[in-house]
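Dear colleague,

Please find below the structure I promised to pass on to you, together with its sequence. After it I have set out what was found, in an order that should be easy to follow with the model open beside the text.

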Amino acid sequence: MNITIFRRRFTPWGVDGTMVINGVIVSGTVEHPYNYLSAGDYVISPVPIKFKKKIEVEYKKKHHKKEKEFKTEIVEEYKIMPLILKDYSSSYPKSRTPYITAGLGPLALKHGSIVMGKSLMSGLVAYDEELFKKFCKKINELAGENKRIDLHIKNLWGEEIPLKYLAFFPGKVL
């Protein structure tokens with residue numbers, strides 16, 4: 001699978017781009033305005049990452065049977081995230097490895113991570129959880145089949161995406 005991100009605008013609010021998978025435009029992308037990856041070739045690998053999540057847990061007081069109270073607990077959960085590696089030989093990613101995620105804006109991103117979604121304006125994409133889940137599922141399937149997932153990042157500086165990168169009769173991508 002070939003994924004290409006064409007960067008088209010570099011602004012103080014983010015680096016805007018377009019994600020093309022096997023010749024089909026899939027979504028918009030946005031990256032941090034200063035902490036973005038250099039243009040070049042990378043490999044995507046799905047890796048479980050541990051996240052901490054706050055949840056509200058219901059409990060009853062001993063003396064007041066009718067009253068319900070909630071307390072906040074922190075739980076750890078694992079999510080499969082598509083990590084961006086410089087080469088295919090990297091077997092264990094480090095904690096500072098960039099990844100692709102669903103989200104809104106780039107300013108909280110670190111280490112060259114990329115947000116995907118529908119482009120709204122410069123530096124902002126719409127959160128699209130369904131698209132991101134399909135993307136992660138496809139990445140997991142291909143990794144399970146030991147197929148290589150290439151990521152190419154190209155800087156276009158405002159130009160249109162060259163036609164040689166687009167499919168005219170696309171099949172199902174995700």
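**What was found**

Tyr165 is partly exposed, with a relative accessible area of 28%, and I begin with this residue since it leads into the ring pairs. Please keep in mind throughout that the model is a predicted one.

**Aromatic rings**

A search through the whole structure gives 3 aromatic pairs. In one of them Tyr165 meets Phe6 in an edge-to-face arrangement, with 5.1 Å from centre to centre and 65 degrees between the planes. Phe6 belongs to strand β1 (residues 2-11), while Tyr165 belongs to the segment after β9 (150-155), so this pair ties together parts that are 159 residues apart in sequence. Unlike Tyr165, which is partly exposed, Phe6 has 0% relative accessibility and therefore counts as buried.

How are the rings of Phe10 and Trp157 arranged? Their centres are 4.2 Å apart and their planes stand at 20 degrees, and because planes under 30 degrees apart count as stacked, the pair is a stacked one. Phe10 lies in strand β1 and Trp157 in the segment after β9, so here the pair ties together parts that are 147 residues apart in sequence. Phe10 is partly exposed at 26% relative accessibility, whereas Trp157, at 59%, counts as exposed. Ring pairs also bring in Tyr36, so that Phe10, Tyr36 and Trp157 are linked into a cluster.

Two further features involve aromatic residues. Lys86 lies over the face of Tyr42, at 4.6 Å from the ring centre. On the surface, Leu163, Phe168 and Phe169 form a nonpolar patch, and together they have about 450 Å² of accessible area. Phe168 is found in the segment after β9 and, with 61% relative accessibility, counts as exposed.

**The chain as a whole**

The protein chain has 9 strands and 1 helix, and from the N terminus on its elements follow the order β-β-β-β-β-β-β-β-α-β. The chain has 174 residues, of which 39% count as buried. If you take the contacts with a separation of 6 or more, 59% of them are between residues 24 or more positions apart. The chain exposes about 11,200 Å², and carbon and sulfur atoms supply 53% of that area.

A residue worth finding in the model is Thr97, which sits in the loop between β5 (68-85) and β6 (100-102). Thr97 is buried, with a relative accessible area of 13%, and, leaving aside residues up to four places away in sequence, Thr97 touches Leu83, Ile84 and Leu85.

**Salt bridges**

The count of salt bridges comes to 6, and I describe some of them here. Arg9 forms one with Asp16, the closest N and O atoms being 3.1 Å apart; Arg9 is partly exposed at 43%, while Asp16 counts as buried at 6%. Lys134 forms another with Glu130, at 3.8 Å between the closest N and O atoms, and both residues lie in helix α1 (residues 129-144), 4 residues apart, which is about one turn of the helix. Of these two, Lys134 is partly exposed at 41% and Glu130 is exposed at 56%. The side chains of Arg148 and Asp150 also meet in a salt bridge, at 2.6 Å from N to O, with Arg148 partly exposed at 40% and Asp150 buried at 16%.

With kind regards

Technical notes:
Residues numbered from 1 in each chain as written. Predicted model: local features only at pLDDT ≥ 70, side-chain atom pairs only at ≥ 80, totals over all residues. Heavy atoms only, no water. Phe/Tyr/Trp six-rings, centres within 6.5 Å; stacked < 30°, edge-to-face > 60°. Helix = DSSP H or I, 4+ residues; strand = E, 2+ residues; numbered from the N terminus. Buried < 20%, exposed > 50% of the residue type's maximum accessible area, 1.4 Å probe, protein only. Lys NZ or Arg CZ within 6 Å of the ring centre and 35° of its normal. Patch = residues over 30% accessible without salt bridge, like charges linked within 9 Å, V, L, I, M, F, W, Y side chains within 5 Å. Areas by Shrake-Rupley, 256 points an atom, 1.4 Å probe, with all protein chains shown as cover. Salt bridge = Lys/Arg side-chain N within 4 Å of Asp/Glu carboxyl O. Contact = heavy atoms within 4.5 Å.
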